[in-house]
Amino acid sequence: MMQQGGILAEGSAARSRWMSVNNVMTREVVSIRASEDVKDAWLLLMEMDISGAPVVDDSGALVGILSTTDILKAVLDRVQKARSLRESTMQGTDPDSVVKEELRELSLALRAVAESKVAAILPKDQKVLSLAPGDSLDRAIHMIAENNINRLPVVDNNKVVGIITRQD
C-alpha cells in the first residue's frame, strides 16, 4: 500500500475497497504454539525482529496473539506483586538491601515468566480478531485502526494462512 506522509495516496482508498486481503497479506507467518515456553517465543520474536505473532494450539487453530508487550506486562505484574509483599514485610530501609532485593525480584520474575507456557500469559480479556483471505483490504485497514492493533492474522479453515500488519 503506497502512503504519502501517513495518508493513503490518491486512488489507493478506492482500490483498497475491492482489493482482497489475499493480495497483500504476508504468507510466511511466524506463529507461536500456545504450549511453547515463553522464553522460546520471546527469542523467536527477537530473532525475527517482530513485536508479536499469532498463537496457535497444537492443531494449528488460532487462539490468540502474543506481543513483546504482553511478555513485559507479565514480568511487570510479578515484580509489582513481589514489591508489594516486600514492602509490607520488610523491616528497615537500607538502600543497598532494597536495591539487591529489587534486582532479585526482577531476576525471579524474568525467570518465572520465561519458564511459563505462552498460554499462561496471553491476556485473558484478549479479543482475537482475524480476517479471511477474501476480506477487503478496506476492512483490514478499518479493523486495525478501530481496534488500535498492529497485526491481524488471516485465517482459512481455522488455520493461519497469512497476516496483515500496520506496515503492510
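These legends walk you through three close-up views of a predicted model. Residues are numbered from 1 along each chain as its sequence is written, and side-chain values use heavy atoms, with hydrogens and water left out. Local features need pLDDT of at least 70, side-chain atom pairs count only at pLDDT 80 or more, and totals for chains, interfaces and linings use all residues.

**View 1. The two faces of helix 7 (residues 137–147).** Helices are DSSP runs of H or I with at least four residues, strands are runs of E with at least two, and both are numbered from the N terminus. Which residues of helix 7 are buried? They are L137, A140, M143 and I144, where buried means under 20% relative accessible area, exposed over 50%, and partly exposed in between (1.4 Å probe, protein chains only). These four lie on the same side of helix 7 because they cover an arc of only 125 degrees around the axis, taken from the directions from the helix axis to the C-beta atoms. The face turned away carries the exposed A145 and E146. Just after helix 7, look for N148 with its positive phi of about 50 degrees.

**View 2. An open sheet of three strands.** Their order is 3-4-5, with mixed pairing; two strands pair if DSSP finds at least two bridges between them. Strand 3 and strand 5 (62–67) are the edges, each pairing on one side only. Strand 4 (residues 52–56) runs antiparallel to strand 5 over five bridges, and A53 stands opposite L66 in strand 5.

**View 3. R33 in strand 3.** R33 counts as partly exposed because its relative accessibility is 36%. Its side chain reaches the backbone oxygen of D58 at 3.4 Å.

How values were computed:
Polar contact = N/O pair within 3.5 Å; in protein donor to acceptor, adjacent residues only side chain to side chain.
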